[in-house]
Amino acid sequence: MATYIAFLRAVNLGATRKFPKAAIVAACEAAGCTEVETYINSGNVKVTTPLRSRAKVETALEKAFAAEAGFDVPTIVVTPKELTAIAAHAEKVGASHDGLHYVSLLKEAPTAAAVAKLDGAGKDGERAEVDGRGVHLLLGKDYHTAKLSNALIEKHLGVATNRNLKVIATLAEKWGA
């Protein structure tokens, strides 16, 4: 049995995209997962599964989530070791940054050509640093006026979901390797 952390994208937004914690747990169990735990608004889930491939876990969860929720729920899955590495890199790149720090988690590792499209994409004081499937968004003081966003990351790098640094650090401490 393997343990994975799943990050669900765009759930519990507005009146039509509600996916309660109990329904997420039920969907995970329907996908063959055990030892299901959730953290904050249920968009972060730890599961144990007999599946050994990250891609197979994502596919199984997305199929079960769509059946349970009635809408597609893109899901990015990482291992506890990957989560710990993402959090460690966040600590390193954000050490001297005094603004906001978010991490976009990617479904697939991007190509160098795709990453190059992010050069200069932010406004002054913003930058994105890509490390594997983690994109560290170092922003100013206001997320809502930032030019760098998860939507921009998805435009250039593919399916992603975004968490603030505190959530990444907490989950790495709680569920990391």
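Start by selecting threonine 49, which sits in strand S3. This is a predicted model, so keep that in mind as you click around. With a relative accessibility of 0%, threonine 49 counts as buried, because anything under 20% falls in that class. Now show what surrounds threonine 49: setting aside neighbours within four places in sequence, you'll find contacts with Met1, Ala2, Tyr4, Cys33 and Val57. For a sense of scale, draw a distance from threonine 49 to lysine 174. The two are 125 residues apart along the chain, and their C-alpha atoms are separated by 18 Å.

**Next stop: the largest core**

Strand S3 is a good way in here, since S3 (44–49) is among the elements that give two or more residues to the largest nonpolar core. That core has 22 residues. To see the ones with the most contacts inside it, select Leu8, Phe19, Cys28, Val45, Leu61 and Phe65. Then colour the contributing elements: besides S3, they are strand S1 (2–8), helix H1 (21–30) and helix H2 (54–69). Which element gives the most to this core? It's H1, with five residues. In general, nonpolar side chains in soluble globular proteins tend to be buried together.

**H1 against H2**

Keep H1 and H2 on screen and hide the rest. The two helices pack at an angle of about 130 degrees, and their axes are 8 Å apart. That angle makes H1 oblique to H2. Turn the view until one helix lies over the other, and you're looking at a right-handed crossing. Now bring up the side chains. On the H1 side, pick Ala23, Ile24, Ala26, Ala27 and Cys28; on the H2 side, pick Leu61, Ala64, Phe65 and Glu68. How many of the residues in this contact are nonpolar, polar or charged? The split is eight nonpolar, no polar and one charged.

While you're on H2, click alanine 66, which belongs to that helix. Is alanine 66 buried, partly exposed or exposed? Its relative accessibility is 25%, so alanine 66 counts as partly exposed. Leaving out neighbours within four places in sequence, alanine 66 is in contact with Phe71 and Asp72. Then draw a distance over to alanine 27: the C-alpha atoms of alanine 66 and alanine 27 are 8.8 Å apart, with their positions 39 residues apart along the chain.

**The other core**

Apart from the largest core lies another one, of 15 residues. Select Phe7, Tyr39, Leu83 and Ile168, which are among its members.

**H3 against H6**

Leu83 and Ile168 take you to another helix pair, as Leu83 is in H3 and Ile168 in H6. Show helix H3 (residues 80–93) with helix H6 (residues 165–175): they pack at about 135 degrees, with axes 9 Å apart. H3 is therefore oblique to H6. Check the hand of this crossing, too: the crossing of H3 and H6 is left-handed.

For the side chains, select Pro80, Leu83, Thr84, Ile86, Ala87 and Ala90 in H3. Their partners in H6 are Leu165, Ile168, Leu171, Ala172 and Trp175. Sorted by type, the contact of H3 with H6 has ten nonpolar residues, one polar and no charged.

**A backbone oddity**

Now go to glutamate 35, in strand S2 (residues 34–39). What is phi at glutamate 35? It's near 50 degrees, a positive value in a residue other than glycine. As background, most residues other than glycine have a negative phi. Switch on the surface as well: glutamate 35 is exposed, with a relative accessible area of 57%.

**Last stop: alanine 121**

From glutamate 35, jump to alanine 121. The two residues are 86 apart in sequence and 41 Å apart in space, C-alpha to C-alpha. Alanine 121 is in the loop between helix H4 (112–116) and strand S6 (127–131). Is alanine 121 buried or exposed? With 14% relative accessibility, alanine 121 counts as buried. To see what is around alanine 121, select Lys147, Leu148 and Leu152, the residues it touches when those up to four places away in sequence are not counted.

Key: Residues are numbered from 1 along each chain as its sequence is written. This is a predicted model: local features need pLDDT of at least 70, side-chain atom pairs count only at pLDDT 80 or more; totals for chains, interfaces and linings use all residues. Side-chain values use heavy atoms; hydrogens and water are left out. A nonpolar core is a set of buried Ala, Val, Leu, Ile, Met, Phe, Trp, Tyr and Cys residues joined through side-chain atoms within 4.5 Å. Buried means under 20% relative accessible area, exposed over 50%, partly exposed in between (1.4 Å probe, protein chains only). Helices (H or I, at least four residues) and strands (E, at least two) are DSSP runs, numbered from the N terminus. Axes are lines fitted to C-alpha atoms, for helices over the stretch in contact, and angles run from 0 to 180 degrees between N-to-C directions. Angles under 35 degrees count as roughly parallel, over 145 as roughly antiparallel, 65 to 115 as roughly perpendicular and the rest as oblique. A crossing is left-handed if the near helix is turned anticlockwise from the far one by less than a right angle, and right-handed if clockwise. Contact means heavy atoms within 4.5 Å. Ala, Val, Leu, Ile, Met, Phe, Trp, Tyr, Cys and Pro count as nonpolar, Asp, Glu, Lys and Arg as charged, and the others, Gly among them, as polar.
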